[in-house]
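User: Could you take a close look at the nonpolar core of this one for me? I'd like to know what sits in the middle and how that fits with the rest of the chain.

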Amino acid sequence: MQQEWQQQLRQFVNTTESLEKFVNLTDAERKALEDNRTTWGTTPYFASLMDPDDPNCPIRKQVIPSPQEKVNKYGKTDYLMWKENRATEEVRPDSIARQYEDRVAFTVTQNCGVYCRHCFRKELVVDGDLSFDFNVDDGLRWIADHPKVRDVLVTGGDPFLLSDEKLDYLISKLREIDHVQMIRFGSRAPIVLPQRITPGLKKVLGGFHKVPIWVNTQCNHPKELTEETARGVYDLLSCGVNVGNQAVLLKGINDDVETFRELHQKLLRVRIRPYYVFYCEPAPGIDHFRTPVEKGAELIRDALRGHTTGLAQPMYVIATNIGKIPLMPDYYIVGHDDKEYTLRNHKGQTTTIPNVPE
Ligand SMILES: *Cc1c(COP(=O)(O)O)cnc(C)c1O
Ligand code: SF4
């Protein structure tokens with residue numbers, strides 16, 4: 001018998017007709033759907049969170065293709081080749097992206113529970129311009145042969161779209177490799193397909209083990225956080241799996257002070273720990289989602305730091321071909337001399353602390 005999450009995938013909303021069961025399409029949206037040849041769509045569950053009448057609904061904008069995707073003034077061509085260092089000398093299977101000595105990203109599928117319009121892996125996941133071979137055994141063999149790799153970030157696509165059996169195989173094989181100390185999964189399933197968090201998945205991921213599992217999901221707007229997600233996250237935590245969030249800063253979706261603060265507060269209310277906010281990467285066709293670089297730092301300064309719980313603070317970064325670079329606000333050191341540092345807080349007040357020489 002099919003489980004509820006499998007039914008969600010079978011009833012994937014990726015035709016104009018099925019989408020119209022959830023929203024009243026505008027003429028512009030209808031035209032964009034007719035004109036585009038990219039992969040789009042999501043689960044009926046996530047589609048049901050869209051506002052039926054508001055084309056500016058933050059979920060709708062992540063799901064429904066826009067004519068602006070054809071505009072590419074600022075995006076880099078061959079973005080993924082650049083970003084994932086695929087043109088370097090080190091020979092690696094297509095499934096392994098490496099930017100650091102001690103950790104790699106391991107792509108195991110290119111299917112997703114939502115084909116995000118802002119996806120930086122769009123060339124691969126959404127447009128299908130690139131074709132890679134994501135053979136899991138080749139990737140596992142490469143990791144086994146590289147003793148410096150102590151942290152494996154399993155990604156996609158969405159790895160939680162794999163069956164329990166495939167995930168079990170992957171995790172057991174990774175745990176057989178002596179130098180692998182931790183396994184991370186990047187998955188939007190807790191947000192777009194919380195039904196995926198079944199007793200079977202808990203069994204595969206959970207339990208006390210010396211190689212722990214961490215999950216990072218992607219939630220970009222407070223509207224995405226529901227009772228179902230709260231339950232799913234609780235289930236993951238209750239079996240020993242930590243859950244963090246990697247949001248993307250998206251123009252018109254979460255780039256204002258109120259939404260940004262509410263998102264981070266609400267993540268904690270459903271027990272998800274904010275980890276990163278990413279600057280929207282310069283991949284082609286997503287110019288319309290991109291803000292100025294400073295925007296994220298300003299939002300952390302104006303919406304989060306000092307204004308709300310410290311646990312709600314993510315690190316603002318941009319992911320580049322040479323790794324993730326922090327772009328945090330730097331307003332707090334006003335100045336220093338030989339004697340002291342002058343520091344500023346979120347209200348603009350200043351204080352001083354002694355400058356201790358080395
Ligand atoms: C993001 C990423 C990682 C993990 O980075 P952390 O800062 O440790 O979360 C590792 N490898 C690649 C290729 C990545 O893109
Ligand atoms: S779920 Fe992740 S990989 Fe898939 S389309 Fe969205 S951002 Fe891209």
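Analyst: Let's start with burial. Of the 358 residues in the chain, 52% are buried, meaning under 20% relative accessible area. Keep in mind that this is a predicted model.

Now the core itself. The largest nonpolar core has 93 residues, and the members that touch the most others in it are Ile 143 and Phe 185. As for secondary structure, helix H14, covering residues 294-304, is the top contributor to this core, putting in five residues.

Zoom in on Ile 143 and you can list who it meets. Leaving out residues up to four places away in sequence, Ile 143 touches Ile 96 and Phe 106, then Val 149 and Val 152, and also Leu 174, Ile 177, His 179 and Val 180.

Stepping back to the whole fold, the chain is built from 14 helices and 12 strands. Its radius of gyration is 21 Å, close to the 21 Å the globule rule gives for 358 residues, so the chain is as compact as a globular protein of that length. The C-alpha trace spans about 70 × 55 × 40 Å along its principal axes. Contacts across the sequence count for a lot here: if you take the ones between residues at least 6 apart, 75% join residues at least 24 apart.

And the outside? The chain exposes about 17,300 Å², with carbon and sulfur atoms supplying 49% of that area. On the charge side, there are 46 positive and 50 negative charges, and their mean positions lie 3 Å apart.

Definitions and conventions: Residues are numbered from 1 along each chain as its sequence is written. Chains are lettered from A and ligands numbered from 1 in the order in which they are written. This is a predicted model: local features need pLDDT of at least 70, side-chain atom pairs count only at pLDDT 80 or more; totals for chains, interfaces and linings use all residues. Side-chain values use heavy atoms; hydrogens and water are left out. A nonpolar core is a set of buried Ala, Val, Leu, Ile, Met, Phe, Trp, Tyr and Cys residues joined through side-chain atoms within 4.5 Å. Buried means under 20% relative accessible area, exposed over 50%, partly exposed in between (1.4 Å probe, protein chains only). Helices (H or I, at least four residues) and strands (E, at least two) are DSSP runs, numbered from the N terminus. Contact means heavy atoms within 4.5 Å. The radius of gyration is taken over C-alpha atoms; the globule rule is 2.2 Å times the number of residues to the power 0.38. Accessible areas come from the Shrake-Rupley method with a 1.4 Å probe; for residues, only the protein chains shown count as cover. Lys and Arg count as positive and Asp and Glu as negative; His and the chain ends are not counted. The place of a charge is taken as NZ of Lys, CZ of Arg, CG of Asp or CD of Glu.
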